[in-house]
Amino acid sequence: MTSNPGPEHLTSHHRTTLRQIFQHPASHNIEWHDVVSLLEAIGTVERRHDGKVEVTVGSETGFFDIPAHKDTEIEAVVGLRRLLAAAGYSEGGAPS
């Protein structure tokens with residue numbers, strides 16, 4: 001799962017996923033494949049041999065466990081929120 005940085009324009013589906021990540025309290029039903037799609041659109045995602053993915057958005061890098069089920073774990077949502085915020089993203093969308 002590797003992708004080159006894509007355009008800053010996000011689809012409505014990506015914006016919905018971004019809103020779900022920043023939602024308080026954290027959503028319990030954000031599908032992992034939606035998260036990966038968003039991350040591939042704004043950064044790079046590399047699947048590692050240890051069952052984690054390495055995500056780089058801008059100058060920020062994070063490591064996340066691949067969930068056993070279709071939904072993203074709450075701890076990962078919190079980590080994604082931190083990573084995206086540090087890279088300049090917010091509930092409203094892409095950095096200007």
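## The E2–E3 hairpin

Strands E2 (52–57) and E3 (residues 60–65) pair in the antiparallel sense over six bridges; two strands are taken to pair if DSSP finds at least two bridges between them. The model is predicted: local features need pLDDT of at least 70, side-chain atom pairs count only at pLDDT 80 or more, and totals for chains, interfaces and linings use all residues. Residues are numbered from 1 along each chain as its sequence is written, and side-chain values use heavy atoms, with hydrogens and water left out. Helices (H or I, at least four residues) and strands (E, at least two) are DSSP runs, numbered from the N terminus.

Two residues separate E2 from E3 in this hairpin, and Gly58 in the turn has a positive phi of about 60°. Across the pair, Thr56 stands opposite Thr61 in E3.

## The E1–E2 hairpin and the sheet

Strand E1 (residues 44–47) also pairs with E2 in the antiparallel sense, over four bridges. Here the hairpin has four residues between its strands, and Gly51 in the turn has a positive phi of about 85°. Three residues of E1 can be matched with partners in E2: Val45 stands opposite Val55, Glu46 opposite Glu54, and Arg47 opposite Val53.

Together the strands form an open sheet of three, in the order E1-E2-E3, with antiparallel pairing. E1 and E3 are the edge strands, each pairing on one side only. From one strand to the next the twist averages 20°; axes are lines fitted to C-alpha atoms, for helices over the stretch in contact, and angles run from 0 to 180 degrees between N-to-C directions.

## The two faces of E2

Side chains alternate along E2: Val53, Val55 and Val57 point to one face and are buried, while Lys52, Glu54 and Thr56 point to the other and are not. Buried means under 20% relative accessible area, exposed over 50%, and partly exposed in between (1.4 Å probe, protein chains only).

Not counting residues up to four places away in sequence, Val57 touches Leu39, Ile42, Gly43, Leu83, Leu84, Ala87 and Tyr89; contact means heavy atoms within 4.5 Å. Helix H3 lies across E2 and E3, running at about 170° to E3.

## Helices H1 and H2

In H2, the buried residues are Trp32, Asp34, Val35, Val36, Leu38, Leu39, Ala41 and Ile42. Because eight of its eleven residues are buried, H2 is largely enclosed by the rest of the structure. The cover over the buried residues of H2 includes H1, E1, E2, E3 and H3.

In H1, His14, Thr17, Leu18, Ile21 and Phe22 are buried. Seen down the axis of H1, these residues fall within an arc of 135°, so they line one face of the helix; the arc is that of the directions from the helix axis to the C-beta atoms. H2 and H3 are among the elements that cover the buried residues of H1. Thr17 lies in H1 and counts as buried because its relative accessibility is 1%. Leaving aside neighbours within four places in sequence, Thr17 is in contact with Ile30, Asp34, Val35 and Leu38.

## The nonpolar core

The largest nonpolar core has 24 residues, of which Leu39, Ile42, Val57, Phe64 and Leu84 touch the most other members. Two or more residues each are given to this core by helix H1 (12–22), helix H2 (32–42), strand E2 (52–57) and helix H3 (74–86). The largest share, seven residues, comes from H2. Such a core is a set of buried Ala, Val, Leu, Ile, Met, Phe, Trp, Tyr and Cys residues joined through side-chain atoms within 4.5 Å. In soluble globular proteins, nonpolar side chains tend to be buried together.

## The chain as a whole

The protein chain contains three helices and three strands, which follow the pattern α-α-β-β-β-α when read along the sequence. Of its 96 residues, 38% count as buried. Among contacts with a separation of 6 or more, residues 24 or more positions apart account for 56%.

About 5,500 Å² of the protein chain is exposed, and carbon and sulfur atoms supply 50% of it. Accessible areas come from the Shrake-Rupley method with a 1.4 Å probe; for residues, only the protein chains shown count as cover.
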